Amino acid sequence: MSWDEYNLTEEMSAPSGIPRVLCIDDDRDFAIGLSANLRHAGYFPSLAFSAESAVGLYFELKPQLTIVDVGLPGKDGLSFCELLCSSPEDVNCPIIVLTGRSDQAVEQKCEELCVYHFTKRANYW
C-alpha cells in the first residue's frame, strides 16, 4: 500500500471520542475535499483510493462510518461491501455508497447489502 493510500492524516489513531471515517474513492480531489469537510464537521477521516487497499485499512482502523464510491478501479465499491458483509469478523459499521449516476441496479444491490446509497453531485460538496 502506498503512503498516500495508507493515510492522508497525521496519525493512524483517532483522538479519543472523535469518530473515525474511512473514505474510499479513486477521484483524489473528491476524496480530499470530502475528507476536509468531514474534518471540519468533527470527524477523523482516513483515505483509500481502491477497494483492495481499503480492506486491510478497514480492519485495522475499525471505523465508525465508511463512505465508498461505486466506480473504483479493480474491485468496485459494491464488491467491497459484499466482502465486508461476508467477513467472519464482526462488521458493525454503517456504509454509505456513493455513485455519480442514478442506477436502479446499484440501488437494489445497496438494499440487498443493507447499505445506504447516495448519488454524488458537485453541488452537494
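## Close-up views of a predicted five-stranded model

**View 1. The five strands form an open sheet with the order 2-1-3-4-5 and parallel pairing.** The edge positions belong to strand 2 (44-48) and strand 5 (116-119), each of which pairs on one side only. From one strand to the next, the twist averages 20°. The model shown here and in the views that follow is a predicted one. Its protein chain has five helices and five strands, and these follow the pattern α-β-α-β-α-β-α-β-α-β when read along the sequence. Of the 125 residues of the protein chain, 44% count as buried, and among contacts between residues at least 6 apart in sequence, 65% join residues at least 24 apart.

**View 2. Strand 3 pairs in the parallel sense with strand 1 and with strand 4.** Strand 3 covers residues 65-69 and strand 4 covers residues 95-99, and the two are held in register over four bridges, with Val97 of strand 4 as the bridge partner of Val68. Four bridges also join strand 1 to strand 3, where Cys23 stands opposite Ile67. Strands of a sheet pair through backbone hydrogen bonds, in either a parallel or an antiparallel arrangement.

**View 3. Strand 3 is mostly covered, with five of its five residues buried.** In a regular strand the side chains alternate between the two faces of the sheet. In strand 3, Leu65, Ile67 and Asp69 point one way, while Thr66 and Val68 point the other way, and all are buried.

**View 4. Helix 4 (residues 77-85) lies across strand 1 (20-24), strand 3 and strand 4.** The helix runs at about 145° to strand 3. Helix 4 is also one of the elements that give two or more residues to the largest nonpolar core, alongside strand 1, helix 3 (51-61), strand 4 and helix 5 (104-113).

**View 5. The largest nonpolar core has 23 residues, and those with the most contacts inside it are Ile24, Val68, Phe80 and Val97.** Helix 3 gives the most to this core, with six residues. Around Ile24, and not counting residues up to four places away in sequence, the residues touched are Ala48, Ser50, Ala51, Ala54, Thr66, Ile67, Val68, Asp69, Leu72 and Phe80. A second, separate core has 12 residues, among them Ala31, Leu38, Phe49 and Leu65.

**View 6. Helix 3 has a series of buried residues, namely Ala51, Ser53, Ala54, Leu57, Tyr58, Phe59 and Leu61.** After the helix comes Lys62, whose phi is positive, near 50°.

**View 7. Tyr58, Phe59 and Phe80 form one aromatic cluster.** A pair of aromatic rings is described by the distance of the centres and the angle of the planes. The structure holds two aromatic pairs. In the pair of Tyr58 and Phe59, the rings are edge-to-face, at 5.2 Å centre to centre and with 85° between the planes. Tyr58 also forms an edge-to-face pair with Phe80, at 6.2 Å centre to centre and with 80° between the planes. This second pair links distant parts of the chain, given that Tyr58 is in helix 3 and Phe80 is in helix 4, 22 residues apart. Tyr58 has a relative accessible area of 5%, which is under the 20% cut-off, and therefore counts as buried. Phe80 is buried as well.

**View 8. Two arginine side chains lie over phenylalanine rings, Arg28 over Phe49 and Arg39 over Phe44.** The charged end of Arg28 sits 4.1 Å from the centre of the Phe49 ring. For Arg39, which lies over the face of Phe44, the distance from the ring centre is 5.2 Å. Of the two rings, Phe49 is included in the second core of 12 residues, while the residue numbering places Phe44 in strand 2 (44-48), an edge strand of the sheet.

Key
Residues numbered from 1 in each chain as written. Predicted model: local features only at pLDDT ≥ 70, side-chain atom pairs only at ≥ 80, totals over all residues. Heavy atoms only, no water. Pairing = 2+ DSSP bridges. Axes fitted to C-alpha atoms, helices over the stretch in contact; angles between N-to-C directions. Contact = heavy atoms within 4.5 Å. Core = buried A, V, L, I, M, F, W, Y, C linked by side-chain atoms within 4.5 Å. Buried < 20%, exposed > 50% of the residue type's maximum accessible area, 1.4 Å probe, protein only. Phe/Tyr/Trp six-rings, centres within 6.5 Å; stacked < 30°, edge-to-face > 60°. Lys NZ or Arg CZ within 6 Å of the ring centre and 35° of its normal.
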